[in-house]
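Hi everyone, thanks for coming. I'd like to walk you through a structure that may be new to most of you, so have a look at the screen.

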Amino acid sequence: MSSREGPGGFRKRKHDNFPHSQRRDGRDVSSSSPVMLAFKSFQQELDARHDKYERLVKLSRDITVESKRTIFAPDMEEILAESEIKLDGVRQKILHVAQELSGEDMHQFHRAITTGLQEYVEAVSFQHFIKTRSLISMEEINKQLTFTTEDSGKENKTPSLDSQDKQLVTWRLKITPVDYLLGVADLTGELMRMCINSVGNGDIDTPFEVSQFLRQVYDGFSFIGNTGPYEVSKKLYTLKQSLAKVENACYALKVRGSEIPKHMLADVFSVKTEMIDQEEGIS
């Protein structure tokens, strides 16, 4: 065994020869030195940023849950009757997000809030489609995310005065193009389920309206292709599946609609949907 090797054949490191009781020459760094004060300032800044990030994650979860509750109502009439009230509650959560991001670069915290914003876009666009049979634009969504509140003493806001000389503050949060595209991509799945449910209720017009709409959305996403964000190209496959299921439902209505009782159409389409999922390897 070499003299430089310790027990077990491991090489000794240089500092192993120094007694552990000895200290290196030098003095302890004072806690009041400029270097330590600078690092304490960095620590406080990072802690505040991490705390804000966690608050935004929690708000995003609340936005996601409440937006899902807006969509998953038993029927379309109930969605229209309650959606505006529920969406107003979601917008209050988004107001808190806008307040948290006041004076901050949104892109630094985008990962914390993107899930909730996508779910909100899905809920708003679903409500808009039920009312108008069209797609809501990103500009329209952003207009709904402008809030006016009384001044709370914070900076980086746009102040204005009303007739009673109360100082009001305008808060804005803008949906990014990626959030908008991913929310619209998720919308197609809800429209597919809406199509199947409408057939069970005897509505044979909705599937054809949904089918035409989904074709237009799919064409738009096809132009983006692989040039867009990874998540967009990934959801394009799911969008194509939803379109195929709706087109199969329309085909069955057109060819066999007269020979199948209306109360059995939904069951027939459900079976067809399960068969398509099995062929594509979806569990």
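Which pattern does the protein chain follow when read along the sequence? Going from start to end, we get α-α-α-α-β-β-β-α-α-α-α. Counted up, that's eight helices and three strands. Before I go on, please keep in mind that this is a predicted model.

A few overall numbers for the protein chain. There are 283 residues, and 37% of them count as buried. The accessible surface comes to about 18100 Å², and carbon and sulfur atoms make up 51% of that. Then contacts: if you take those with a separation of 6 or more, 69% are between residues 24 or more positions apart.

Okay, let's zoom in on two helices. When people talk about two packed helices, they give the angle between the axes and the distance between the axes. Here we have helix H1, residues 34-71, and helix H2, residues 76-100. Their axes come within 9 Å and cross at roughly 170 degrees. That angle is over 145 degrees, so H1 counts as roughly antiparallel to H2.

Who's touching whom? On the H1 side, the residues include Leu 56, Leu 59 and Ile 63, along with Lys 52 and Asp 62. From H2, they meet a set that includes Ile 79, Leu 87, Val 90 and Lys 93. By class, the contact of H1 with H2 has nine nonpolar, five polar and eight charged residues.

Next stop, a spot in a loop. Most residues other than glycine have a negative phi. Now look at Arg 133: not a glycine, yet its phi is positive, about 55 degrees. You'll find Arg 133 in the loop between helix H3 (110-132) and helix H4 (138-143). Is Arg 133 buried, exposed or partly exposed? With 32% relative accessibility, Arg 133 counts as partly exposed.

Last topic, cysteines. How many disulfides does a search of the whole structure find? Zero. A disulfide is a covalent bond between the sulfur atoms of two cysteines. So why doesn't Cys 195 have one? The closest cysteine sulfur to its own is in Cys 250, and at 5.5 Å that's too far for a bond. Turn it around and Cys 250 has Cys 195 as its closest partner, again at 5.5 Å and too far. The cut-off here is 2.5 Å. Both cysteines count as buried, with Cys 195 at 0% relative accessibility and Cys 250 at 8%.

That's my tour, thanks for listening!

Note on methods:
Residues are numbered from 1 along each chain as its sequence is written. This is a predicted model: local features need pLDDT of at least 70, side-chain atom pairs count only at pLDDT 80 or more; totals for chains, interfaces and linings use all residues. Side-chain values use heavy atoms; hydrogens and water are left out. Buried means under 20% relative accessible area, exposed over 50%, partly exposed in between (1.4 Å probe, protein chains only). Helices (H or I, at least four residues) and strands (E, at least two) are DSSP runs, numbered from the N terminus. Contact means heavy atoms within 4.5 Å. Accessible areas come from the Shrake-Rupley method with a 1.4 Å probe; for residues, only the protein chains shown count as cover. Axes are lines fitted to C-alpha atoms, for helices over the stretch in contact, and angles run from 0 to 180 degrees between N-to-C directions. Angles under 35 degrees count as roughly parallel, over 145 as roughly antiparallel, 65 to 115 as roughly perpendicular and the rest as oblique. Ala, Val, Leu, Ile, Met, Phe, Trp, Tyr, Cys and Pro count as nonpolar, Asp, Glu, Lys and Arg as charged, and the others, Gly among them, as polar.
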